[in-house]
Amino acid sequence: MGSIGSNLQEVKRRIASACLDAARDANTVTLLAVSKTFGADAVREALAGGQSAFGENYVQEALGKIELLADLRPQLQWHLIGPLQSNKTRAVAEAFDWVHTVDRLKIAQRLAEQRPPSLPPLQLCLQVNVSGESSKSGVAPTELPALAAAVAALPAARVQLRGLMSIPEPAADPQAQRRPHRLLRDLLVQLQAQGLAVDTLSMGMSADLEAAVTEGSTLVRVGSAIFGRR
Ligand SMILES: *Cc1c(COP(=O)(O)O)cnc(C)c1O
């Protein structure tokens with residue numbers, strides 16, 4: 001592994017190359033740097049390398065880091081990409097910009113009630129279970145249209161439904177990697193046909209970002225390829 005700065009450049013090169021192959025504009029893919037288990041110094045180093053959007057899995061760990069980096073808050077965007085229990089929604093509504101892992105209405109309702117009116121609306125993605133039985137988190141595709149409609153109807157000044165997120169089963173071969181990403185994209189298109197203004201596909205990680213970009217990802221969540229092994 002190189003430095004965080006050179007790793008960032010390499011990940012951006014991979015995204016650009018996947019976009020070129022897919023005839024997509026590289027500006028349509030946002031890079032989220034997943035800083036879980038790495039300290040505030042690693043985030044500072046990535047920021048110095050031009051990275052401003054960061055993903056965290058564990059609420060408690062993230063809150064500590066957000067606090068340590070409070071001086072840089074205006075330049076940073078914090079995304080929760082890990083599970084969210086209802087007793088943590090207030091802290092999340094107060095500290096984060098995005099939550100990718102909403103999979104039931106109750107959580108979205110609490111976030112809407114608890115989002116401080118002084119802040120811009122919290123941006124939400126619904127986590128979809130694209131791997132069936134093998135994964136427990138995420139809404140089932142059959143239950144997605146109703147959940148999406150209910151979340152989209154929450155007060156727009158507090159929360160905005162932006163799209164879908166998934167964590168597929170790891171697969172080594174690129175064709176197998178593409179299948180769950182294609183499913184998520186098809187589900188987003190269905191929601192758009194349902195009349196919802198959703199534009200975000202949060203899919204793809206260090207090992208499968210090319211497959212995700214090929215299938216339309218607009219936001220890739222990359223940890224180890226930037227920060228190193230956890
Ligand atoms: C850890 C994590 C990532 C990043 O994974 P890497 O393989 O390190 O790129 C992305 N998304 C979620 C939800 C994660 O938990």
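Start by selecting G223: one of its backbone N or O atoms lies 2.8 Å from an oxygen atom of the ligand. Bear in mind as you look around that this is a predicted model.

Now add S224 to your selection. Here a polar backbone atom is 2.8 Å from an oxygen atom of the ligand. Then show the side chain of K36, where an N or O atom is 2.7 Å from a ligand oxygen. With these contacts on screen, switch the ligand to a surface view. Taken alone, the ligand exposes 390 Å², and the protein buries 90% of that.

**The shell around the ligand**

Next, select the residues around the ligand. There are 13 of them, and those that come nearest are K36, N57, S206, S224 and R230. Try colouring this shell by class: you should find 6 nonpolar, 4 polar and 3 charged residues.

**The largest pocket**

Where does the ligand sit? Its place is in the largest pocket. About 350 Å³ of space lies in this pocket. To find the centre, select I167, M205, S206, D208 and R221, the closest to it of the 22 residues that line the pocket. You have met S206 already, as one of the residues that come nearest the ligand.

Switch to a cartoon view and pick out α7 (174-193) and β8 (219-222), the elements that each give two or more residues to the lining of the largest pocket. Which of the elements gives the largest share? That is α7, with 3 residues. Colour the whole lining by class, and it divides into 11 nonpolar, 6 polar and 5 charged residues.

**The second largest pocket**

For the last stop, select P83, L84, D103, Q127 and S137. These lie nearest the centre of the second largest pocket, which is lined by 13 residues. The volume here is about 190 Å³. Colour this lining by class too: 4 of its residues are nonpolar, 7 are polar and 2 are charged.

To end the tour, go back to the ligand in the largest pocket and show K36 once more, with its side-chain N or O atom 2.7 Å from a ligand oxygen.

How values were computed
Residues are numbered from 1 along each chain as its sequence is written. This is a predicted model: local features need pLDDT of at least 70, side-chain atom pairs count only at pLDDT 80 or more; totals for chains, interfaces and linings use all residues. Side-chain values use heavy atoms; hydrogens and water are left out. A residue is near a molecule or strand if one of its heavy atoms lies within 4 Å of it. A polar contact is a pair of N or O atoms within 3.5 Å; within protein, one must be able to donate a hydrogen and the other to accept it, and residues adjacent in sequence count only if both atoms are side-chain atoms. Accessible areas come from the Shrake-Rupley method with a 1.4 Å probe; for residues, only the protein chains shown count as cover. On a 1 Å grid over the protein atoms alone, a cavity is a set of points where a 1.4 Å probe fits but cannot get out, and a pocket is an open set with protein on both sides within 12 Å along at least five of seven lines; lining residues have an atom within 4 Å of a point. A molecule sits in a cavity or pocket if more than half of its atoms lie within 2 Å of its grid points. Ala, Val, Leu, Ile, Met, Phe, Trp, Tyr, Cys and Pro count as nonpolar, Asp, Glu, Lys and Arg as charged, and the others, Gly among them, as polar. Grid points are joined across faces, edges and corners, and a volume is the space filled by probe spheres set on the points. Helices (H or I, at least four residues) and strands (E, at least two) are DSSP runs, numbered from the N terminus.
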